[in-house]
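I opened the model to look up its surface, its interior and one loop residue. My entries follow.

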Amino acid sequence: MVRAWNVSRDVELGDQILVANTHWARLRGMLGRAEPVPGEGLLLDTCQDVHMYWMRFALDIAFLDNQGGVGAVYHELEPARLSGRHKEAIRALELRAGTLEQSGTQVGDRIALEPIEY
C-alpha cells in the first residue's frame, strides 16, 4: 500500500492506495471491488492505458511517468470507456471520482508515492 501526495499542490490524493504490480492484479484492477471511499485507490504499476469494461462506477485516473510527473488526467472516466494510450506513462493512479478535480491535480504536476508500513 502507498500514500499518494500531489507535491505540486501540497495536497494528499490518497492514503490507502493498493498497488497492482502483477499481470493479474493489473488486469483485475478495481473490478469486483466496492467504489473507493475518499483516500482509497489503486496504483497500476506498469500501465499506459486503462479500460472501464464491466465497472459499476466512474474513476479519476492520472497517468504518471517515471519521475511521478502527471502526463494525462481523466476526470470521472465512466464504465465501458477506454482511456487513451500514454507512451510516457509507467503507472496509472485510479482514485475515487472527483478526487483529481477537488485537489486541482493537472498535467505537469508531480505525484509522490510513499510506501505505507504497518
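I looked for nonpolar surface first and found a patch of about 390 Å² made by Tyr53, Trp54 and Leu82. For such a patch, nonpolar side chains with over 30% relative accessible area and no salt bridge are joined within 5 Å; a salt bridge is a Lys or Arg side-chain nitrogen within 4 Å of an Asp or Glu carboxyl oxygen. Areas are Shrake-Rupley values with a 1.4 Å probe.

This is a predicted model, in which local features need pLDDT of at least 70 and side-chain atom pairs pLDDT 80 or more, while totals for chains, interfaces and linings use all residues. Numbering runs from 1 along each chain, and side-chain values use heavy atoms, without hydrogens or water.

I placed Trp54 in the loop between S3 and S4. Trp54 is exposed, at 70% relative accessible area (exposed is over 50%, buried under 20%, partly exposed in between).

Next I checked the largest nonpolar core, meaning buried Ala, Val, Leu, Ile, Met, Phe, Trp, Tyr and Cys joined through side-chain atoms within 4.5 Å. This core has 17 residues, and Ile61 and Phe63 are among those touching the most other members. Strands S3 (40-45), S4 (59-64) and S5 (70-77) each supply at least two of its residues (strands are DSSP E runs of at least two, helices H or I runs of at least four). I also noted a second, separate core of 12 residues, including Val2 and Leu100.

Last, I found Thr105 in the loop between helix H2 (99-103) and strand S7 (111-115). Thr105 is buried, at 4%. Its side chain makes a polar contact of 2.9 Å with that of Asn6 (N or O atoms within 3.5 Å, one able to donate a hydrogen and the other to accept it, with sequence-adjacent residues counted only if both atoms are side-chain atoms).

Note on methods
Buried < 20%, exposed > 50% of the residue type's maximum accessible area, 1.4 Å probe, protein only. Patch = residues over 30% accessible without salt bridge, like charges linked within 9 Å, V, L, I, M, F, W, Y side chains within 5 Å.
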